[in-house]
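This briefing is meant to be read with the model open, moving from charged side-chain pairs to one strand and its neighbours. Please keep the residue numbering at hand while following the points.

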Amino acid sequence: MPSSSLDAQHIAHAQRLASDARLLTDPNPRVGCVLVAPSGEVIGSGHTQRAGGPHAEVMALRDAAARGLSVVGATAYVTLEPCAHHGRTGPCCDALVAAGIGRVVASIADPNPLVAGQGFARLRAAGVAVEVGPEAEATRELNIGFFSRMVRKTPWVRLKTAASLDGKTALSNGVSQWITSAEARADGHAWRARASAVLTGVGTVIDDDPRLDVRLVETPRQPHLVIVDSRLQTPPGARLFDVPERQVWIYAAQPDADRAAALTARGATIVSLPNADGKVDLGAMLHDLARREVNELHVEAGHKLNGSLLREGWVDELLVYLAPKLIGEGLEMASQPFAGGPLTALTGALPLEFRSVERFGPDLRILARVAGRDAF
């Protein structure tokens with residue numbers, strides 16, 4: 001098999017390992033690494049562990065060592081540029097050099113300004129051959145939130161909604177459980193699980209008292225929770241506080257010392273970011289969440305907050321579940337997934353690009369990206 005075909009085979013293996021880490025590594029990127037001896041034998045593999053744990057390259061080196069195999073002169077296939085800085089762990093480029101790796105094939109450069117080509121430069125300076133490019137788009141897509149946070153300084157915002165085929169999210173009496181099937185709901189939980197944080201509005205908290213955690217799929221961690229709550233109306237007794245091992249960040253605009261104290265006592269962090277209208281400044285909130293290392297932000301909110309995020313241009317893609325049902329008249333505007341408009345011309349419509357359409361049980365899942373949002 002030609003070397004280019006072997007390279008494609010091994011970097012695809014590394015991509016599968018990276019995908020296996022998609023629920024684990026946050027806020028670090030999902031990275032896989034495969035070590036291949038000059039003979040063509042795979043001698044080590046691994047993916048990045050929890051934050052603070054070893055990265056993919058170190059896991060692969062440990063795997064080879066555990067097998068009693070030498071990595072001198074081997075090729076390291078890695079889905080992201082080996083890091084070159086001291087963070088929670090040491091530089092992976094130095095670990096590869098020290099181990100005697102002879103060649104590195106990487107998918108794409110690390111967008112982190114602390115790396116950004118320095119890992120490749122240090123490898124080349126040490127005499128390691130470096131090739132960059134195979135599976136670059138796959139790595140970027142798997143780590144779209146990490147790239148967004150590093151380049152745009154905001155998370156990747158994914159807005160999820162579930163509706164009937166005629167676009168209703170609730171009956172005229174307010175009943176909304178369940179419009180979609182168990183299979184669709186489980187898939188929705190899988191998307192929650194891969195996110196850094198779930199965002200909702202205080203209206204949803206008051207009306208539904210949701211936990212907004214991951215329950216229907218296995219997960220090694222719970223995403224953090226973000227609540228947009230201008231007047232600090234979140235009930236201290238809300239069920240969302242009963243989920244262990246996650247942060248609850250409440251973004252407010254109008255101070256209330258007593259309410260803030262009660263919510264802080266439940267473990268919430270209150271962040272005041274008012275705009276000129278006395279509501280939460282959504283752009284400032286997203287930049288603050290990026291500083292808190294949020295990569296992917298999964299939105300499950302009502303029509304007003306959904307509409308505000310869309311109108312202000314903060315939504316990157318939509319995750320829409322459609323049930324094969326016709327509901328007809330719903331609960332006025334509240335039964336619509338988004339508040340917006342009315343438009344006076346179709347040219348004012350938000351352009352979307354369908355990324356995928358898949359079936360879960362009887363329902364369709366549509367992933368639609370706002371046109372041009374990934375051009376960064």
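What follows describes a predicted model, taking salt bridges and then a strand with its pairings as topics.

The count of salt bridges in this model comes to 24, and three of the pairs are described below with the burial of each partner. The second part turns to strand β9, which spans residues 248-252 and is mostly covered.

**Salt bridges between parts of the chain**

- Arg365 and Asp187 meet through their side chains in a salt bridge, with a distance of 3.0 Å from N to O; this pair links distant parts of the chain, since Arg365 belongs to strand β14 (residues 363-370) and Asp187 to helix α7 (residues 182-194), 178 residues apart.
- Both ends of that pair are covered: Arg365 is buried because its relative accessible area is 7%, under the 20% cut-off, and Asp187 counts as buried at 12% relative accessibility.
- Arg369 forms a salt bridge with Glu317, in which the closest N and O atoms are 3.1 Å apart; because Arg369 lies in strand β14 and Glu317 in strand β12 (residues 317-323), the pair ties together parts that are 52 residues apart in sequence.
- Arg369 is buried, with a relative accessible area of 2%, and Glu317 is likewise buried, with a value of 1%.

**A pair with unlike burial, and a network**

- Arg211 forms a salt bridge with Asp213, the closest N and O atoms being 3.0 Å apart.
- In this pair Arg211 counts as partly exposed at 24% relative accessibility, whereas Asp213 counts as buried at 3%.
- A network of salt bridges links a set of residues that includes Arg369 and Glu317, and among its other members are Arg30, Glu141, Arg158 and Asp374.

**Strand β9 and its neighbours**

- Five of the five residues of strand β9 are buried; Val248, Ile250 and Ala252 point one way from the strand, while Trp249 and Tyr251 point the other way.
- In a regular strand the side chains alternate between the two faces of the sheet.
- Strand β8 (residues 224-228) runs parallel to β9 and is joined to it by four bridges, and within this pairing Val226 has Trp249 of β9 as its bridge partner.
- Strand β10 (residues 268-272) also runs parallel to β9, with five bridges joining the two, and here Ala252 stands opposite Ser272 in β10.
- From β9 the chain crosses through helix α9 (residues 257-265) to β10, in a β-α-β crossover that is right-handed.

Notes
Residues numbered from 1 in each chain as written. Predicted model: local features only at pLDDT ≥ 70, side-chain atom pairs only at ≥ 80, totals over all residues. Heavy atoms only, no water. Salt bridge = Lys/Arg side-chain N within 4 Å of Asp/Glu carboxyl O. Buried < 20%, exposed > 50% of the residue type's maximum accessible area, 1.4 Å probe, protein only. Pairing = 2+ DSSP bridges. Right-handed = clockwise from strand over helix to strand, strands pointing away.
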